[in-house]
Each structure stands twice: as structure tokens, then as C-alpha cells.
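This report goes through two sheets, the helices that accompany them and a few loop residues. Please keep the structure open while reading.

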Amino acid sequence: MGTSDSEMTLGDCGEHQLIERLRAYCLATMIGDDAAVFAPPQDQQMVFSTDVLVDGVHFSLGMASPVVTMTPFDVGWRAAAANLSDIAAMGATPIGMTVGMAAPSHCPVAVIEDIYQGLAACCHTYGTAIFGGDTCRSGVLSLSISILGAAPPERLIYRHTARPGDLILATGLHGAARAGLECLLQPEWAATVPTELRQLWVHAHQHPQPRLDVVQWLWQQSPAPRVSGMDSSDGLADAVLQICAASGVGAILSAEAIPKLPYLDPEQALAWALYGGEDFELVLCLPPAIAPDLCAMAGNHAAILGEITAPPEVLLQQGKTLRPLQHQQTFQHFSR
């Protein structure tokens, strides 16, 4: 008696049959050879990024730990969104991505297909595609995604170009992804949160939205504005600190100007906004002449949070108090 699709594992399926199943989620014209071939857009520079996501570290399907924080579809969406956010952070538009997948033999084939459905859905939403990739056996489920983008040289966004007098703008609400994760990890606490807020926070954690809309708006501006920035995947505080270090400048960030989650204690909301991470918004430094227009375009919760300064200190202002913005609370791999 054969194994049904719902019960089939990767061990039952085998590599070649799995690849045939995954072809459906990839760009047909790119599949079948040893590598994908495409012509780079004329007069644009290529942007390339790689991201590794591991079960039990970046997401939890209940395979590497008893905790479940995402469905396989969510894992795929979030993996694609994280990579698209890196492209947006460089001021580029996406061309396509390749996906490397490693998984245990006992992993159900349906889990892998659902992950690819999430990957493909996010790519389709943001006008790009999966070019192909690779698969192999591993003791833990992991994804390695390489993404390609492109931009005219004058449209690229770097971290090292911020100047004193620039305004610091964040494109969306920070802390929501962390709050969503806490709802999933602490169901008893989550039950006390109003249903609408809880759903919004969990959605922010599981289905982040890369801010390619901001890139499109910036491309429409003539002449090309000088913009420095990065995304906030490791937290709002980390982004400001990284930009200032790369640019050799400082900043004053206003705690009052940072949009905060409702319902939470104000200090908790501020801490999660600064250090929660994985909101995948953009943190940009740009001249005062253009910052208000971009803030208006970016929609709800976009805000001008502070200003770049010549002295290299990065300070957080709360009322009349100025204190250094901390490094150590941001997430770092390999830290103890």
C-alpha cells in the first residue's frame, strides 16, 4: 500500500520527486539547468544578499522545540519578506531569489510544500519570483535564501552617508513583532490582550511587510535625494546605532516621538519599540526638506524620531533627560 501525500515524509519522497514538486513554486523559465541566467537591468547596479533561517532560532514549527509560533506557510512568507526587506533597505527593487532548504528525512513533504507556498505568495505580492535552489538532508530544518535586486547607482541607500542635520525617520510601528511573539509564547498573558490588538501583533510577527513602497516613492523623486539607512530587523535602536557608527556621526532620538503600542505599560512599549526587533521597517536619515513628505507617504505610525548630530554620541531623550542609547539589549547571534 502506498503512502498518501498527507503522510509522506521527505524520506519517502526522495530528492528528485521533491524537486519536481517544488518546481511549481519557481519561475518556469529559470528551472532545469545548473544555474539561472538573466540579463541585469541596463544602467543599474546589482544588489545581492543572503539570509539563513533555522528552526528553533528564527522560527518554531514544533520540530526543533515543543513551541509552535508559526505555520509552515508563515515561515515561507516571513523568510521571503526578510530578504525583500534587505533589498528595500538598499534602495533597490527585487529581481528574484534562490532558496536552499535542508531538512530531516522525517519531515513531512506537506510542511516543505507549505513553506514554498508562503515563499511564492510573498514573492508574488512584491513582484518577484523564486529562480530555483537546492535541497539536502539535515538534522534541523533550515532555509538559506539568496536574493538579487537592482538599482541605479544614484538611488542606492547606504549606512555611511548620514550627515549632521538629517532627520531620522522610521517607516512604521516598532515593537509589534515582539509583542506578537510574546502573545504566542505566553498564551495566558495573550488572553488578557484585546482580541484585535493580539491579532494585529501576531500578524506583524508572522507576516511582516517589506517596505518596497518606500523605495518606489524615492525612485519617483527628482533629483535623487541623499538617503542613508537600513532596515530594523535587529531593532530600531540597533539601526540608529549602526547608521551612526558607519557615518561617523551621532544622534538624538526622542523617546516621546517613537510610536508605541497601546495597552502595554509605556516603558515596556518603549523597550520593545527600541529593542524588540524583526519589524522589518526602514530607518532612514534624510534632509529635512524631504522627510515630512516621505513620512506622510509611509502611512500610519511613520514618524520623525530625531536628528543626526556631529558629536558621535547617540542619545535617547526622555523629557529633559539625555542618556546613551544602549547596544547590549539588541539581539546578537553567538552572544551568551
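Leaving aside its neighbours within four places in sequence, which residues is Gly-276 in contact with? The model is a predicted one, and in it Gly-276 is in contact with Arg-178 and Ala-271. Gly-276 belongs to the loop that runs between helix H10 (266-275) and strand S8 (282-286). Gly-175 is 101 residues away from Gly-276 in sequence, yet the two C-alpha atoms are 5.4 Å apart in space.

**The seven-stranded sheet**

S8 is part of an open sheet of seven strands with mixed pairing, in the order S6-S8-S5-S9-S7-S10-S11. Strand S6 (228-231) and strand S11 (321-324) are the edge strands; each has a single partner strand, so one side of each has no neighbour in the sheet. From one strand to the next the twist averages 25 degrees.

Strand S5 (residues 167-170) pairs with S8 in the antiparallel sense over four bridges. S5 also pairs with strand S9 (residues 303-309), again in the antiparallel sense and over four bridges. The side chains of S5 are divided between two directions: Leu-167 and Leu-169 point one way, Ile-168 and Ala-170 the other way, and all are buried. Further along the sheet, strand S10 (residues 314-318) and S11 run antiparallel and are joined by four bridges.

The table gives one residue pair for each of several strand pairings, including one from the four-stranded sheet described further below.

| Residue | Opposite residue | Strand of the opposite residue |
|---|---|---|
| Leu-169 | Leu-284 | S8 |
| Ala-170 | Ala-303 | S9 |
| Gln-318 | Thr-321 | S11 |
| Ala-102 | Ser-142 | S4 |

**Helix H9**

Helix H9 packs on the seven-stranded sheet. H9 touches S5, S6, strand S7 (250-254), S8, S9 and S10, and its direction makes about 145 degrees with that of S6. How far apart are the end C-alpha atoms of H9? They are 17 Å apart, which agrees with the 16 Å that the 12 residues of H9 (residues 236-247) should span at 1.5 Å a residue.

H9 is mostly covered, with nine of its 12 residues buried. The buried residues are Leu-236, Ala-237, Asp-238, Ala-239, Val-240, Leu-241, Ile-243, Cys-244 and Ser-247. An α-helix has 3.6 residues a turn, so residues three or four places apart point the same way. Among the buried residues of H9 are Val-240, Ile-243, Cys-244 and Ser-247. Just after the helix, Gly-248 takes a positive phi of about 70 degrees.

**The four-stranded sheet and helix H4**

A second group of strands forms an open sheet of four, with mixed pairing and the order S1-S4-S2-S3. Strand S1 (45-54) and S3 stand at its edges; each has a single partner strand, so one side of each is left without a neighbour in the sheet. The twist here averages 15 degrees from one strand to the next. Strand S2 (residues 93-103) and strand S4 (residues 142-151) pair in the antiparallel sense over nine bridges.

Helix H4 lies across S2, S3 and S4 and runs at about 170 degrees to S2. H4 also meets helix H2 (residues 15-22): the two axes come within 10 Å and cross at roughly 35 degrees, and the crossing is right-handed. On the H2 side the residues involved are Leu-18, Arg-21 and Leu-22, and these meet Val-109, Ile-112, Glu-113 and Tyr-116 in H4.

**The loop after H4**

Is Thr-128, in the loop between helix H4 (109-125) and strand S3 (130-137), buried or exposed? Thr-128 has a relative accessible area of 11% and therefore counts as buried, the limit being under 20%. A polar atom of the Thr-128 side chain lies 3.2 Å from the backbone nitrogen of Gly-96. Gly-96 is also one of the contacts of Thr-128 beyond four places in sequence, together with Leu-84, Pro-94, Ile-95 and Cys-123.

**Helix H8**

Which residues of helix H8 (residues 212-219) are buried? They are Leu-212, Val-214, Val-215, Trp-217 and Leu-218. These buried residues pack against helix H3 (72-89), S2, S8 and helix H11 (291-298). Of these partners, S2 is listed in the four-stranded sheet and S8 in the seven-stranded sheet.

Terms used: Residues numbered from 1 in each chain as written. Predicted model: local features only at pLDDT ≥ 70, side-chain atom pairs only at ≥ 80, totals over all residues. Heavy atoms only, no water. Contact = heavy atoms within 4.5 Å. Expected span 1.5 Å × (residues − 1). Buried < 20%, exposed > 50% of the residue type's maximum accessible area, 1.4 Å probe, protein only. Polar contact = N/O pair within 3.5 Å; in protein donor to acceptor, adjacent residues only side chain to side chain. Pairing = 2+ DSSP bridges. Axes fitted to C-alpha atoms, helices over the stretch in contact; angles between N-to-C directions. Left-handed = near helix turned anticlockwise from the far one by under 90°.
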